[in-house]
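Q: I am new to this structure and would like to learn how to read it. Could we go through a few features together, one at a time?

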Amino acid sequence: MKRFRLAAVLAAALLALLPTTAQAAEYPDPLPLTGQQIIHDPTVIRLKSGEYAAYSTGGIIGARLSKDLRHWDDAGNAFAEPPSWWYEYNDTGDPWAPDISYRAGRYWLYYAVSSWGTNHSAIGVATSDSGRPGTWTDHGKVLTSGTTDTWNAIDPAITRADGKLWMAFGSYWTGIRMVELNPATGKAVPGTTVHHLATRPDAPYAVEGPYIVKHGRFHYLFASYDACCAGVNSTYKIRVGRSASITGPYVDSTGTPLLQGGGDILLEGHGRYIGTGGQSVFSDRGKDWLAYHYYDAQDEGTPKLALNRLSWSKEGWPKVF
């Protein structure tokens, strides 16, 4: 599950174990960035003000602001203090893996509260007129899961399709799920079907952090596979599949269903960029971008923000460049 935890590993000792230059060349490096780059599970949007905002795991939903996507400044946190109900799900009031979107004249910030090794979890939502840190009003629980459920209510990602509002979510516990939301409240429709989108063949079903975008006639499901949160020992990688229907079935380019362990690798660790994942996708003036974190092998495994442009093949599959 997504957590902000650094491994105490000496980067220099591990550099010898990194892929060769030829292997690393299979994937492009991210856009060069400056300023406050430390981040985990980033979600990025261009605000009406023209600034870019990135929210993340860490702090009370950590915030970064940029004028050009390249230099990022620390902007504090989304909230001054945790809403009291968060403590039902952990002892720290520590939220994870936010997702920011804009609709109906407001910014919507979804996030999760939970703790290591449990699916006693909840997804919450807040709104803001400006999208800037310190301006958010919390509206409580969107969806919860408990120890008797076979899914985990963390890692939310919002998308719209067929005139409806949807939320993909999930981490381990049989993988990625989806529910319909009430567009007025932003919360799960009572009695909504919990659709199953992706999983792995064997426990612990290490797939999490979904993000769904529409391109052409398909919906594309991006997800993080394997292990995060162990510094340069992290094995996170990003896989993708697609479906003509928002609720699936999703398949990879070979036709293997994501419910049967399929998924094309979009990006994995290379060079200094270890454990690439915690991804989201955003569009800015006609360009599609992939935002994610990596663990910097040249900086003791510190998690940092990465941005790559997305292109699309003639067959309709995404590729980073």
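A: Gladly! Keep in mind that this is a predicted model. Let us start with one residue and its contacts: leaving aside residues up to four places away in sequence, S56 touches I39, H40, D41, P42, I61, G62 and P98.

Q: Is S56 buried or exposed?
A: The general idea is to compare the relative accessible area with a cut-off, and buried means under 20%. S56 has 2% relative accessibility, so this residue counts as buried.

Q: Which strand holds S56?
A: S56 belongs to strand β3, which covers residues 52-56.

Q: What is the order of the strands in the open sheet?
A: Reading across, the order is β1-β5-β4-β3-β2, an open sheet of 5 strands with mixed pairing. The edges are taken by β1 (34-35) and β2 (43-46), each with a single partner strand, so one side of each has no neighbour in the sheet.

Q: How many bridges join β3 to β4?
A: There are 5 bridges between β3 and β4, and the two strands run antiparallel. To find one spot where they meet, look at Y55, which stands opposite A63 in β4. The two strands form a hairpin with 5 residues between them, and G58 in the turn has a positive phi of about 110°.

Q: And how do β4 and β5 pair, parallel or antiparallel?
A: Their pairing is antiparallel, over 4 bridges. Here L65 has D73 in β5 as its bridge partner. β4 and β5 also form a hairpin, this one with 4 residues between the strands, and L69 in the turn has a positive phi of about 75°.

Q: Do β1 and β5 run parallel or antiparallel?
A: β1 and strand β5 (residues 71-77) run parallel, joined by 2 bridges. In this pair, G35 stands opposite W72 in β5.

Q: Which residues of β4 point one way, and which the other way?
A: First the general idea: in a regular strand, side chains alternate between the two faces of the sheet. In β4, G62, R64 and S66 point one way, while A63 and L65 point the other way, and all are buried. That fits the count for strand β4 (residues 62-66), where 5 of its 5 residues are buried.

Q: Let us move on to aromatic rings. How many aromatic pairs are found in the whole structure?
A: The search finds 13 aromatic pairs. A pair of aromatic rings is described by the distance of the centres and the angle of the planes. For Y220 and W317, the ring centres are 6.0 Å apart and the planes are at 85°, so this pair is edge-to-face. Y220 is in strand β15 (residues 218-225) and W317 is in the loop between β20 (302-312) and β21 (318-320), so the pair ties together parts that are 97 residues apart in sequence. Y220 and W317 are both buried.

Q: What about F282 and W289: what are their distance and angle?
A: Their rings are 6.4 Å apart, centre to centre, with 10° between the planes, and this pair is stacked. F282 counts as buried at 6% relative accessibility, and W289 is buried with a relative accessible area of 7%.

Q: Which residues do ring pairs link into a cluster?
A: The cluster consists of F79, W85, W86, Y89 and Y111.

Q: Where does the charged end of R242 sit?
A: The charged end of R242 is over the ring of F218, 4.0 Å from its centre. R239 lies over the face of Y225, at 5.5 Å from the ring centre.

Definitions and conventions: Residues are numbered from 1 along each chain as its sequence is written. This is a predicted model: local features need pLDDT of at least 70, side-chain atom pairs count only at pLDDT 80 or more; totals for chains, interfaces and linings use all residues. Side-chain values use heavy atoms; hydrogens and water are left out. Buried means under 20% relative accessible area, exposed over 50%, partly exposed in between (1.4 Å probe, protein chains only). Contact means heavy atoms within 4.5 Å. Two strands pair if DSSP finds at least two bridges between them. Rings of Phe, Tyr and Trp (its six-membered ring) pair if their centres lie within 6.5 Å; planes under 30 degrees apart count as stacked, over 60 as edge-to-face and the rest as tilted. A charge sits over a ring if NZ of Lys or CZ of Arg is within 6 Å of the ring centre and within 35 degrees of the ring normal.
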